[in-house]
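Open the model in your viewer and keep the selection panel handy. We will go from stop to stop, picking residues as we go.

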Amino acid sequence: MTEKTKEISERTMKELVRKHGTPLFLISIPELKKRVEIFREFLPRVEPHYAVKANPHPSILKTLIKMELGFDVASINEIKTVLKLGSSSEKLVFANTVKSPEAIKFAKKFNVDLMTFDSEYELTKIAKLFPGARVIVRIKVPNVGSVVELSLKFGVEPADAVPLMIKAFKLGLKPVGVSFHVGSQCTEVSNFIEALEIASIIFHDALLKKISLEILDIGGGFPIKHFDDEDDPFPSMAERIRAEIDRLFDKNIRIIAEPGRFIAGPVCTLITRVIGKSIRNNKHWYYLDDGVYGCLSGIVYDHCKYQYRVLKKGTTQLSTLAGPTCDSFDVISISEELPELEIGDIVYIKNIGAYSLATATNFNSIPPTKTVVLNKGG
Ligand SMILES: Cc1ncc(COP(=O)(O)O)c(C=O)c1O
């Protein structure tokens, strides 16, 4: 695969399978670079801080460090990993609003002083363990239609943001900004538009209380295409977001974002093989060598729907795809139109880079899916 090639060809896929076997998780570094370039092109004022949780594979992190991205980290190990790979602490935002005391102490030790919070308890904890830390209040915003809803568990009511920032100041912290998350795989631009308006009111109200905020963190949620027949929703959304940021926020306000799926999603392909076949209730069942306990775990944790492709042509019939474990829950899809497959045939899934490898388990002691990094130096 060369840098110019968008798709992995069938021939390359077969060669990789011959060499490495299956299941195989491919990471394309040229595609990763392209994702960053697209984000920067469409949202030039926004500094992307890659959400490490989406896919913490070292090849991805190393490439993003070289491209001078910042990182959204959520745990001690994520901080450790990115710092060890060469990122600097100023590039990090500790964007887990609920941090263990140990994690706050660890952040202090390594100077990761920018962090989000969404409760008074968290503020008190941070103030005690990391006096002087710069804090960003995460507000609750509409998550309408987003595939992964985040506003139930996180965010304060917008009306509580300024009082909490006053509290932060009194506790010896530095209240520096506002953050939100519109929900993951958000295709409703109105969520971003409303969130930006709410945040701008908070910036204004904070100033009236003599708190001059300097950072707006617009979170993640930027959507990707999972199916061939979908339009890419990002360009038109980004245009609206960009215009709204410019309308509402002064040029000297630093705008950061925490894209995870947008950066990592389209970068990876999972190649599996049919390892078993049966006919149940007049329907073909194909058992693959990866499933919902492995790299297809996004079906469960990320509520993700994927397009399953095969290298075969022919008349299709409604079929079921299942994973390799002994749990009846390990069913990938019960309604795929597929040509008849045989043991050994390949089924592959594109755009599976986010919340897949990261959430895979080794249930049934099945070894982790092998990863292959394409064009490492490219
Ligand atoms: C705080 C925070 N930031 C960023 C992200 C990344 O979101 P996405 O992958 O939708 O861009 C998440 C995802 O759960 C998150 O919880």
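Which pocket is the space taken by the ligand? The ligand's space is the largest pocket. Before we look closer: this is a predicted model, in which local features need pLDDT of at least 70 and side-chain atom pairs count only at pLDDT 80 or more, while totals for chains, interfaces and linings use all residues. Residues are numbered from 1 along each chain as its sequence is written, and side-chain values use heavy atoms, leaving out hydrogens and water.

**Stop one: the ligand shell.** Select the 14 residues that surround the ligand (a heavy atom within 4 Å). The closest are Ser 184, Glu 258, Gly 260, Arg 261 and Tyr 355. By class, the shell has four nonpolar, five polar and five charged residues; here Ala, Val, Leu, Ile, Met, Phe, Trp, Tyr, Cys and Pro count as nonpolar, Asp, Glu, Lys and Arg as charged, and the others, Gly among them, as polar.

**Stop two: backbone atoms.** Show the backbone of Gly 260, where a polar atom is 2.9 Å from a ligand oxygen. At Arg 261, a polar backbone atom is 2.8 Å from an oxygen atom of the ligand. The protein covers 91% of the 400 Å² of accessible area (Shrake-Rupley, 1.4 Å probe) that the ligand has on its own.

**Stop three: the pocket.** Now hide the ligand. The largest pocket (on a 1 Å grid over the protein atoms alone, an open set of points with protein on both sides within 12 Å along at least five of seven lines) has a volume of about 660 Å³, the space filled by probe spheres set on the points. Of its 27 lining residues (an atom within 4 Å of a point), the closest to the centre are Lys 53, Val 148, Leu 150, Phe 154 and Tyr 355. Colour domain 1 (30–265) and domain 2 (266–374), bounds from an automatic or database assignment: both give residues to the lining, so the largest pocket lies between them.

**Last stop: the cavity.** Select Ala 95, Arg 138, Phe 180 and Glu 258, which are among the residues lining the largest cavity (points where a 1.4 Å probe fits but cannot get out). About 30 Å³ of space lies in this cavity.

Key: Polar contact = N/O pair within 3.5 Å; in protein donor to acceptor, adjacent residues only side chain to side chain. Sits in = over half its atoms within 2 Å of the grid points.
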